[in-house]
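Here are my notes for a first look at this one. Keep the structure open beside you while you read.

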Amino acid sequence: MANKIAVIVFLAFGLLNLNDPDWYLWTPMYFITAAIIFSKTKNKFTLNIFYLTVIVLVVLSLTGTITLDKEVDSMVGMVENKREAIGGVFSICSVWFFSRK
């Protein structure tokens, strides 16, 4: 049941990111997170590629390398790149958790 809720949450995160200027980075990440949780994969290669890709996205986001919108966009007290990085860390943690079950 928890994995079904997680799939729905990550699909919603992906849909909510469609209005971002960098949607093409984060929306696929959330949809792929949902797909991996849904598929219940335990394939180490698939999981490691996912982890590596999201870690690179998070690092690039935190360093401001892939931030397209240079305006200060503060929502819930955080700028865009920090919010996206938290989403990436949440994705990694969720996939790790559900791949262990």
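1. Start with T27 and its partners. Setting aside residues up to four places away in sequence, T27 touches G14, N17 and L18. One of these, G14, is also reached by a polar link: the T27 side chain comes to 3.2 Å from the backbone oxygen of G14. Bear in mind as you look that this is a predicted model.

2. Is T27 buried or exposed? Its relative accessible area is 4%, and the cut-off for buried is under 20%, so T27 counts as buried. You'll find T27 in helix α2, which covers residues 23-39.

3. Now compare Y24. Y24 is found in helix α2 too, but Y24 has 43% relative accessibility. Partly exposed means between the 20% and 50% limits, so that is the label Y24 gets.

4. Y24 also belongs to a nonpolar surface patch of about 570 Å², along with L11, L15, L18, W23 and F31. Which elements give two or more residues to this patch? They are α1 (2-16) and α2. The biggest contributor is α2, with three residues.

5. Next, go to E84, in helix α4 (residues 80-99). You might not expect a glutamate to be tucked away, but E84 comes out at 5% relative accessibility and so counts as buried. What is E84 in contact with, leaving aside neighbours within four places in sequence? The list is N17, D20, D22, W26, Y30 and S61. Notice N17 here: T27 touches N17 as well.

6. While you're at E84, find L62. In sequence, E84 and L62 are 22 residues apart; in space, their C-alpha atoms are 8.6 Å apart.

7. Then the interior. In soluble globular proteins, nonpolar side chains tend to be buried together. Here the largest nonpolar core has 19 residues, and the members touching the most others are I37, F50, Y51, V54 and V95. At least two residues of this core come from each of α1, α2, α3 (44-62) and α4.

8. I37 is a handy place to end. Not counting residues up to four places away in sequence, I37 touches N3, A6, V7, F10, S94, V95 and F98. Among them is V95, which is also listed with I37 as touching the most other core members.

Terms used:
Residues numbered from 1 in each chain as written. Predicted model: local features only at pLDDT ≥ 70, side-chain atom pairs only at ≥ 80, totals over all residues. Heavy atoms only, no water. Helix = DSSP H or I, 4+ residues; strand = E, 2+ residues; numbered from the N terminus. Buried < 20%, exposed > 50% of the residue type's maximum accessible area, 1.4 Å probe, protein only. Polar contact = N/O pair within 3.5 Å; in protein donor to acceptor, adjacent residues only side chain to side chain. Contact = heavy atoms within 4.5 Å. Patch = residues over 30% accessible without salt bridge, like charges linked within 9 Å, V, L, I, M, F, W, Y side chains within 5 Å. Areas by Shrake-Rupley, 256 points an atom, 1.4 Å probe, with all protein chains shown as cover. Salt bridge = Lys/Arg side-chain N within 4 Å of Asp/Glu carboxyl O. Core = buried A, V, L, I, M, F, W, Y, C linked by side-chain atoms within 4.5 Å.
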